[in-house]
Amino acid sequence: MSQRAIPASLMRGGTSKGLYVLKTDLPVDEATRNAVLLAAMGSPDPRQIDGVGGAHPLTSKIAVVSKSDRPDADIDYLFLQVFPDKAIVADQQNCGNILAGIGPFAIESGLIPATGDMTTVRIFMVNTASIAEATVQTPGGRVTYTGEARIDGVPGTHAPVMLNFLDVAGSSCGRLLPSGNPVDEIDGVKVTLIDNGMPVVVMQASDFGLSGSESPEEIEANAEVCARVEAIRLKAGPLMNLGDVTSKSVPKMTLISPAREGGDVSTRTFIPHRVHDAIGVLGAVSVATALALKGSVAGGEGISGAKTFDIEHPTGFFSIEMAVSGEAADLKVTRSALLRTARLLMRGEVLVPESLWSED
Ligand code: NQM
């Protein structure tokens with residue numbers, strides 16, 4: 001069987017890992033592209049043994065990158081979630097962790113030049129038609145991955161990548177509060193349905209008989225909790241304008257409990273069928289927004305102006321600078337910014353059976 005070689009880089013973006021590929025190196029036809037990407041990652045197979053996927057949703061991610069034609073962006077970034085165990089390539093969600101590697105990848109691939117010791121890249125996030133600014137360290141005009149920035153969930157220190165989200169509120173669900181309410185009730189559980197860049201259902205861990213300090217493994221082993229969370233998710237999908245979410249990777253389901261380490265809240269997040277070892281970037285932005293929202297399940301008192309929220313997760317903290325105006329259903333987010341790091345791990349070609357491509 002002959003194989004087709006596709007230029008690709010393996011990168012860590014934040015607390016996730018995935019393949020970064022130029023759009024021009026992939027088949028144009030979407031079905032063919034998806035077949036090729038499933039083969040590249042080794043899906044469907046829970047171990048992804050015949051591909052480069054890492055056998056977990058957080059390490060089975062793809063960034064498709066191209067130069068942007070838009071006047072307000074340098075780069076277009078399409079995020080694709082490859083399900084490890086199913087033949088599904090989902091494009092309904094964005095990924096703020098993989099986003100952290102887009103600036104470095106775009107510069108290293110020659111799509112855009114470095115502009116000095118720091119390069120700010122405007123990235124159009126195709127999945128949600130919204131824009132992020134990423135500031136990448138480029139001393140002497142070259143990307144560097146070394147530095148002193150530390151993010152929880154990643155060993156060591158690396159060069160900082162600052163992310164600033166410009167217009168992500170309601171980007172998947174049409175508005176920040178898709179139901180128009182700070183609180184709804186599903187299956188007898190109070191929920192806040194919110195989308196500040198990621199559709200998230202925020203619920204109290206105590207409503208599931210949990211303290212909220214359980215490990216991801218303990219929660220995943222609790223079949224009753226998993227079934228209740230999934231039943232609520234399937235009902236939340238249509239209420240959030242996401243339709244039937246049976247085969248979708250959204251909404252994410254975040255169980256909150258009082259902070260234990262000095263932060264603002266403690267979280268455990270279903271993404272949606274595994275429990276995150278940390279929390280997604282835009283997922284955390286949405287949870288922070290629930291904290292800023294008066295009357296939400298997060299017990300929000302509301303904030304005025306700017307505040308840094310520290311979101312606790314299973315492996316540490318996630319800090320988000322937020323600024324808002326207005327309150328309740330009229331809440332407007334004027335800033336959400338945060339720190340990530342990224343690293344190029346490997347660069348080369350990923351190989352897939354040639355026969356998959358000939359359908360193009
Ligand atoms: O919410 C996991 C991750 C993510 C997504 C997920 C993310 C985000 O940690 O922006 O980063 O929720 O599927 O990469």
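**Notes on a predicted two-domain model**

1. Let me start with the open space. Helix H6 gives the lining of the largest pocket three residues, the largest share from any element. Please keep in mind as you read that this is a predicted model. The pocket itself holds about 430 Å³ of space.

2. Which residues lie nearest the centre of the largest pocket? They are Pro57, Gln81, Ile271, Pro272 and Arg274, out of a lining of 31 residues. Besides H6, strand S4 (75-82) and helix H2 (96-99) each give two or more residues to this lining. By class, the lining has 14 nonpolar, 12 polar and five charged residues.

3. The largest pocket is also a good way into the domain layout. The chain is divided into domain 1, made of 3-167 + 342-356, and domain 2, covering 184-330. Each of these domains supplies at least three residues to the lining of the largest pocket. The C-alpha centres of domain 1 and domain 2 are 25 Å apart, and contacts join 19 residues of domain 1 to 21 residues of domain 2.

4. Now the second largest pocket, with a volume of about 280 Å³. Of the 16 residues that line the second largest pocket, Lys23, Arg33, Val64, Ser66 and Leu78 lie nearest its centre. Helix H1 (30-41), strand S3 (61-67) and S4 each give two or more residues to this lining. Seven of the lining residues of the second largest pocket are nonpolar, three are polar and six are charged. You will notice S4 here again: strand S4 gives residues to the largest pocket and to the second largest pocket.

5. Turning to the packing, how many residues make up the largest nonpolar core? There are 84, and Tyr77, Phe165 and Ile311 touch the most other members. Helix H6 (residues 281-292) gives this core its largest share, nine residues. At least three residues of this core come from each of domain 1 and domain 2. A separate core of 20 residues lies apart from it, with Leu26, Val36, Val64 and Val352 among its members. Val64 is worth a second look, being one of the residues nearest the centre of the second largest pocket as well as a member of the 20-residue core.

6. Ile311 deserves a closer look. Beyond its neighbours within four places in sequence, Ile311 is in contact with Val265, Thr267 and Ile279, then with Ala284, Val287, Ala288 and Leu291, and also with Gly316, Phe317, Phe318 and Ile320.

7. Is Ile6 buried or exposed? Ile6, in strand S1 (residues 3-13), counts as buried because its relative accessible area is 1%, against a cut-off of under 20%. Setting aside residues within four places in sequence, the contacts of Ile6 are Val21, Asp25, Leu26, Val36, Gly348, Glu349, Val350, Val352 and Trp357. Three of the named members of the 20-residue core, Leu26, Val36 and Val352, are thus partners of Ile6. For a sense of scale, the C-alpha atoms of Ile6 and Asn241 are separated by 36 Å, with the two residues 235 apart along the chain.

8. Finally, a loop residue. His158 sits in the loop between strand S7 (130-137) and strand S8 (160-165). His158 is nonetheless buried, with a relative accessible area of 11%. Not counting residues up to four places away in sequence, His158 touches Arg12, the residues Tyr145, Thr146, Gly147, Glu148 and Ala149, and also Thr341 and Arg343.

Technical notes. Residues are numbered from 1 along each chain as its sequence is written. This is a predicted model: local features need pLDDT of at least 70, side-chain atom pairs count only at pLDDT 80 or more; totals for chains, interfaces and linings use all residues. Side-chain values use heavy atoms; hydrogens and water are left out. A nonpolar core is a set of buried Ala, Val, Leu, Ile, Met, Phe, Trp, Tyr and Cys residues joined through side-chain atoms within 4.5 Å. Buried means under 20% relative accessible area, exposed over 50%, partly exposed in between (1.4 Å probe, protein chains only). Helices (H or I, at least four residues) and strands (E, at least two) are DSSP runs, numbered from the N terminus. Domain bounds come from an automatic or database domain assignment. Contact means heavy atoms within 4.5 Å. On a 1 Å grid over the protein atoms alone, a cavity is a set of points where a 1.4 Å probe fits but cannot get out, and a pocket is an open set with protein on both sides within 12 Å along at least five of seven lines; lining residues have an atom within 4 Å of a point. Grid points are joined across faces, edges and corners, and a volume is the space filled by probe spheres set on the points. Ala, Val, Leu, Ile, Met, Phe, Trp, Tyr, Cys and Pro count as nonpolar, Asp, Glu, Lys and Arg as charged, and the others, Gly among them, as polar.
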